[in-house]
There are 2 protein chains.
Amino acid sequence: MSTLEPPRARYKQVAALLRDAIRRGDYTPGSTLPSQPDLAKKYGLNQSSISRAMATLQAEGWIRTEHGRGSVVLDVPMVKRVRKIDRHHRSSRGESAYAEELAEAGMTARTELVHWGEEDPPDIISEALRIAPSEAVLVRKRHMFADDKPVQIAASYIPMCVAGSVDIAMPDTGPSGMYGRLAERGFAPVRFSEDIEVRGATSEESEFLNIVHGQPVFQVLRTAFDPEGRPVEACLNVLAALRWRLTYTWEQER
Amino acid sequence: MSTLEPPRARYKQVAALLRDAIRRGDYTPGSTLPSQPDLAKKYGLNQSSISRAMATLQAEGWIRTEHGRGSVVLDVPMVKRVRKIDRHHRSSRGESAYAEELAEAGMTARTELVHWGEEDPPDIISEALRIAPSEAVLVRKRHMFADDKPVQIAASYIPMCVAGSVDIAMPDTGPSGMYGRLAERGFAPVRFSEDIEVRGATSEESEFLNIVHGQPVFQVLRTAFDPEGRPVEACLNVLAALRWRLTYTWEQER
DNA sequence: TAGTGGTCTAGACCACTGC
DNA sequence: CAGTGGTCTAGACCACTAA
């Protein structure tokens, strides 16, 4: 039994001790912490207090408690990954911007097409595309991995009147290839806009991204416009906000 | 006493009821919720359970509990504010970009110079400016308000070798005026880079921004470079992440 | 089945606020 | 001082997981 002293709340002291232990590497990602009854015995506290400490660590993103199994240590990256946007950086090759970015960071990119077809878009998308909510769009939803770890959910939406047919999205070559096919149809994207918001992760998102439900995620909405200013594509990306740094660079117009 | 039914945890049901009530406007921003003993009586629960419901609402950013005073309802903006960055948008007038942005949204901007002088910079700044940690910089820390509500903390850092003297930052006219004086000294900023991270708010930040400790904040680090690629200014902005949408637009290089 | 985490109570004491 | 929220216990029961 260790010594926990007021005035600081003892469940916070336990949380701090475990947090430091995880940070030090005493508990490695994927392993489980001692059980709550064991920790209660060790620190001379009630299970309720330990449970509270665990809830704290979970809210901070250090662990994920799994009912009936234990408290699993999550992998907490010391260095954030970088997502880079600048004018000189895009579509230089046939690869997707995503693969390029990760390659620069020395990581391997993999993309999985999750879903694909013609649908009614969510409100945020119909607004971005300036179409009626009932107007169908071509959807392409993908899961993205870096070194086989899940990192991003991406959903691309194109109005059917722009896409022409569902085939334009196949094969799934990423934005560059698809933008080329859009250009052939007279809808070459020339201007881009990204809206960045932060919100709590949904259950679906937290499951895929391997974070705790409610942890903050970036929701990045990229809209592509053709020379006439018409939106031709909207793409909704979701990333774990605590694990990424987004970078934008631009030159001053003089 | 109301009816709360398993299987859902009853403290979660109470949290949901109060959340809906706040959303509906039954409790207005600035007012306090009923006391925990009162709510316990009303819902037929123990104070501990109510306390847990309150902790949940606080973590979600709906209320702020104040020890000995009560649980204060925070103002939850329905529409997020927008912070816009594009090449065509900046330094068109003598005003600061911040004032321009807010004026477009129909809001009144106010800036308060909090602190000003010559200091050793934090690590993140010395890295951005590519100087030794011990090299002094000119600091200009400001608090920014929109319609007299606190919205942003901004700290600008300029290497002393670039600034020349501390006077360059005065009078406090915002970036545009200051960039002009830098240009006179041969350090005209022409390229900009912004790094966006999300982290939990510190106590100081949560106090000023009127959010709960630990709620996510944007930390935006803008670095300005002169034509030779030398960093001439680094500016660290902190905003409540759940209340803002950041927007970036750019044109495709062809 | 045994072991895990999740919830809840009844009661207690504390620290802080404002009158 | 009374009223507020914060913490903690001892004990209980539940739901879930894995052997």
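1. A word on classes before we look at the DNA: Ala, Val, Leu, Ile, Met, Phe, Trp, Tyr, Cys and Pro count as nonpolar, Asp, Glu, Lys and Arg as charged, and the others, Gly among them, as polar. With that in hand, the surface near DNA strand D has 17 polar, 5 charged and 4 nonpolar residues. Please keep in mind that this is a predicted model.

2. Let us stay with DNA strand D. It is surrounded by 26 residues, and the closest are Arg10(A), Asn46(A), Ser49(A), Arg52(A) and Gln36(B). Sugar or phosphate accounts for 69% of the strand D atoms within 4 Å of the protein, and bases for the rest.

3. Which elements each supply at least two residues of the surface near DNA strand D? From chain A they are helix H1 (10-24) and helix H3 (47-59); from chain B they are helix H2 (36-43), helix H3 (47-59), strand E1 (63-66) and strand E2 (70-73). H3(A) gives the largest share, with 4 residues.

4. Some individual contacts to strand D deserve a look in your viewer. Asn46(A) places a polar side-chain atom 2.3 Å from a base nitrogen of DNA strand D. The side chain of His67(A) has an N or O atom 2.9 Å from a base nitrogen of this strand. For the backbone of the DNA, turn to Arg69(A), where a polar side-chain atom lies 3.0 Å from a phosphate oxygen of DNA strand D.

5. Now for DNA strand C. Here 26 residues surround the strand, and the closest are Gln36(A), Arg10(B), Asn46(B), Ser49(B) and Arg52(B). Of the strand C atoms within 4 Å of the protein, 70% are in sugar or phosphate and the rest in bases. The class make-up of the surface near strand C is 17 polar, 5 charged and 4 nonpolar residues.

6. The elements near strand C come from both chains. Chain A brings helix H2 (36-43), H3, strand E1 (63-66) and strand E2 (70-73), while chain B brings helix H1 (10-24) and H3, each with at least two residues. The largest share, 4 residues, belongs to H3(B).

7. Three contacts to strand C are worth checking. His67(A) has a polar side-chain atom 3.1 Å from a base nitrogen of DNA strand C, and a polar backbone atom of Gly68(A) is 3.2 Å from a base nitrogen of that strand. In chain B, the side chain of Arg52(B) has an N or O atom 2.8 Å from a phosphate oxygen of DNA strand C.

8. Away from the DNA, the largest nonpolar core has 54 residues, and those touching the most other members are Ile196(A), Phe218(A), Tyr248(A), Ile196(B), Phe218(B) and Tyr248(B). Beyond its neighbours within four places in sequence, Ile196(A) has contacts in both chains, including Phe218(A), Tyr248(A), Ile196(B), Trp244(B) and Tyr248(B).

9. The aromatic rings make a good last stop: there are 7 aromatic pairs over all chains. Tyr248(A) and Tyr248(B) are stacked, 4.0 Å centre to centre with 0° between the planes. Why does this pair join two chains? Tyr248(A) sits in strand E10 (residues 244-251) of chain A and Tyr248(B) in strand E10 (residues 244-251) of chain B, so the pair joins two chains. Tyr248(A) counts as buried because its relative accessibility is 2%.

10. Tyr248(A) also pairs with Trp250(B), in a tilted arrangement at 6.5 Å centre to centre and 55° between the planes. Both Tyr248(A) and Trp250(B) are buried. Ring pairs link Phe192(A), Tyr248(A), Trp250(A), Phe192(B), Tyr248(B) and Trp250(B) into a cluster.

Methods. Residues are numbered from 1 along each chain as its sequence is written. Chains are lettered from A and ligands numbered from 1 in the order in which they are written. This is a predicted model: local features need pLDDT of at least 70, side-chain atom pairs count only at pLDDT 80 or more; totals for chains, interfaces and linings use all residues. Side-chain values use heavy atoms; hydrogens and water are left out. A residue is near a molecule or strand if one of its heavy atoms lies within 4 Å of it. A polar contact is a pair of N or O atoms within 3.5 Å; within protein, one must be able to donate a hydrogen and the other to accept it, and residues adjacent in sequence count only if both atoms are side-chain atoms. A nonpolar core is a set of buried Ala, Val, Leu, Ile, Met, Phe, Trp, Tyr and Cys residues joined through side-chain atoms within 4.5 Å. Buried means under 20% relative accessible area, exposed over 50%, partly exposed in between (1.4 Å probe, protein chains only). Contact means heavy atoms within 4.5 Å. Rings of Phe, Tyr and Trp (its six-membered ring) pair if their centres lie within 6.5 Å; planes under 30 degrees apart count as stacked, over 60 as edge-to-face and the rest as tilted.
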